[in-house]
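Me: I would like to understand how the words used for a protein model are justified. Could you take me through the reasons behind them?

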Amino acid sequence: PGEKFTFGERNFSLLARKFHRNAKKGQRCGFTSSNDRIELLYVATNGSGIQVEWDIQEELEKIADFASLRPIKVIARLQLLLTPAVKPSNVIWSTINSFSFIEKECGHEGCGYIPEDMLEEWLGRKMAKRIDSLQVRIVGPYIGISKGMLLKKRGIQRIQIPPSMRKVNPSRSNKENWVVIVIKGTFPNSN
């Protein structure tokens, strides 16, 4: 399909695309293999069951400040929305009350911190004791879009997000307090 298409009684628009390279060891960059794939994410914008036609730009602005980015950056940041979770239970809904922004990097660029007890609440005591960090994507109107690692830390009450994790600024038009955390990986690997 192209940028837009109709299926049944609904119209769809392309929101994001992501190229997945499955290069084998020794394969040079620049060549594609039969294992490479492109993932496309379409959104139903109007038609059967949709009461009001969606304006994709307007809806994205309710999540984060995409308008402040150059178009090439918008494409790259939308790809973050295609990040798969390790398993379905690793998509966590929270609120802004569980987060704070910190301005100091503390020597780990791209790394924030998560309270030990929160990690235990999300993953269970046994799993939380075995891992030191999470690779995450964090999305919400007050957060914008953040990505990076959350390192387990004692003595804090909230997830701490430094500047290096923030990829898209918070929404300028939406003040809802929801936040979605996608756990992409655990380290050491818990599988």
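Reply: What follows is a set of questions on this structure, each answered by setting a value against a definition. This is a predicted model, in which local features need pLDDT of at least 70 and side-chain atom pairs count only at pLDDT 80 or more, while totals for chains, interfaces and linings use all residues. Residues are numbered from 1 along each chain as its sequence is written, and side-chain values use heavy atoms, with hydrogens and water left out.

Me: Why is the contact of E103 with R166 called a salt bridge?

Reply: A salt bridge is defined as a side-chain nitrogen of Lys or Arg within 4 Å of a carboxyl oxygen of Asp or Glu. The closest N and O atoms of E103 and R166 are 3.6 Å apart, so the pair meets that definition. The structure holds six such salt bridges.

Me: What makes E103 exposed, and what is R166 called?

Reply: Buried means under 20% relative accessible area, exposed means over 50%, and partly exposed lies in between, with a 1.4 Å probe and protein chains only. E103 has a relative accessible area of 60%, and is therefore exposed, whereas R166 stands at 24% and therefore counts as partly exposed.

Me: Which other pairs form salt bridges, for example with E116 or with E120?

Reply: R154 forms a salt bridge with E116, the closest N and O atoms being 3.2 Å apart. This pair links distant parts of the chain, since R154 is in the loop between β8 and β9 (159–161) and E116 is in helix α3, 38 residues apart. R154, at 67% relative accessible area, is exposed, while E116, at 29%, is partly exposed. R125 forms a salt bridge with E120, and here the closest N and O atoms are 3.4 Å apart; R125 is exposed at 55%, and E120 counts as partly exposed at 27%.

Me: How do you know that the buried residues of α3 lie on the same side?

Reply: Helices (H or I, at least four residues) and strands (E, at least two) are DSSP runs, numbered from the N terminus. In helix α3 (residues 116–123), the buried residues are M118, L119, W122 and L123. They cover an arc of only 110° around the axis, which puts them on the same side of α3; the arc is that of the directions from the helix axis to the C-beta atoms. On the other side of α3, D117 and E121 are exposed.

Me: What makes the buried residues of α2 line one face of the helix?

Reply: V74, R77 and L78 are buried in helix α2 (residues 71–79). Seen down the axis of α2, they fall within an arc of 100°, so they line one face.

Me: How do you know that β4 and β11 pair?

Reply: Two strands pair if DSSP finds at least two bridges between them. Five bridges join strand β4 (residues 91–95) to β11, and the two run antiparallel, so the condition is met. One of the bridge partners is I181 in β11, which stands with I92. Strand β7 (residues 133–140) pairs with β11 over seven bridges, again in the antiparallel sense.

Me: What makes strand β11 mostly covered?

Reply: Seven of the 10 residues of β11 (residues 178–187) are buried.
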